[in-house]
Amino acid sequence: MNARILVVEDDPALTDWLRTALGKRGFSVQARATVAEALSMMASEDFDVVVTDLNLPGENGIALAERLAGDRPDTPVVVITAFGSMETAIAAIRAGAYDFITKPFEIEALRLTLERAIT
């Protein structure tokens, strides 16, 4: 699979791990640390799926999911967080997220979610 993934994550170590792990599984990964940076990049580039952390500086991942649901409804958004609750998961899905994954997660579980989101 040569899908293009945009990771929106402010933790550099997690970003590097996702870039490496997903790259080994055939994904092309770009990364940004904020919603504003992600939206700026998406103004000129297309991605098959966006993976975003919930807690980001400035706007959060739910706000990104909501904006993309309106502006780019064909681009699925997967929200990841270490602070998962049923209420937060419901809010993410209502905002337009494709899925909600709590940290820590197995890379294979994320890979499967991404492949389902893309097809």
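Student: Which backbone nitrogen does the side chain of Thr34 reach?

Tutor: This is a predicted model. Thr34 sits in the loop between β2 and α2. Its side chain makes the approach at 3.0 Å, and the partner is the backbone nitrogen of Glu37.

Student: Does Thr34 count as buried or exposed?

Tutor: The cut-off for buried is under 20% relative accessible area. Thr34 has 18% relative accessibility, so Thr34 counts as buried.

Student: Which residues is Thr34 in contact with, leaving aside its neighbours within four places in sequence?

Tutor: Contact here means heavy atoms within 4.5 Å. With those neighbours left aside, Thr34 is in contact with Val8 and Pro57.

Student: Which residues touch the most other members of the largest nonpolar core?

Tutor: This core has 22 residues. Val8, a contact of Thr34, is one of the residues asked for. The full set is Leu6, Val8, Val50, Leu64, Leu68 and Val79.

Student: Which element gives the most to this core?

Tutor: The elements that give two or more residues are β1 (4–8), α2 (35–42), α3 (61–71), β4 (77–81) and α4 (86–94). The top contribution is 5 residues, and it comes from α2.

Student: How many residues does the other core have?

Tutor: Another core lies apart from the largest one. Its members include Val49, Val51, Phe105 and Leu110. Its count is 20 residues.

Student: What does helix α1 reach from its first C-alpha to its last?

Tutor: Helix α1 covers residues 12–24, which is 13 residues. At 1.5 Å a residue, 18 Å is expected. The model comes close to that, at 18 Å.

Student: Why are the buried residues of α1 on the same side?

Tutor: The buried residues are Leu14, Thr15, Leu18, Ala21 and Leu22. An α-helix has 3.6 residues a turn, so residues three or four places apart point the same way. The buried residues of α1 are on the same side because they cover an arc of only 145 degrees around the axis.

Student: Which exposed residues does the face of α1 turned away from its buried side carry?

Tutor: The buried residues of α1 pack against β1, β2 (28–32), β4 and α5 (107–118). The face turned away from that buried side carries the exposed residues Pro12, Ala13 and Lys24.

Student: Which residue caps the N-terminal end of α1?

Tutor: Look for a side-chain oxygen at the backbone nitrogen of Ala13. One lies 3.0 Å away, and it belongs to Asp11.

Student: Which residue just after α1 takes a positive phi?

Tutor: The phi is about 95 degrees. The residue is Gly26.

Methods: Residues numbered from 1 in each chain as written. Predicted model: local features only at pLDDT ≥ 70, side-chain atom pairs only at ≥ 80, totals over all residues. Heavy atoms only, no water. Core = buried A, V, L, I, M, F, W, Y, C linked by side-chain atoms within 4.5 Å. Buried < 20%, exposed > 50% of the residue type's maximum accessible area, 1.4 Å probe, protein only. Helix = DSSP H or I, 4+ residues; strand = E, 2+ residues; numbered from the N terminus. Expected span 1.5 Å × (residues − 1). Arc of directions from axis to C-beta. Polar contact = N/O pair within 3.5 Å; in protein donor to acceptor, adjacent residues only side chain to side chain.
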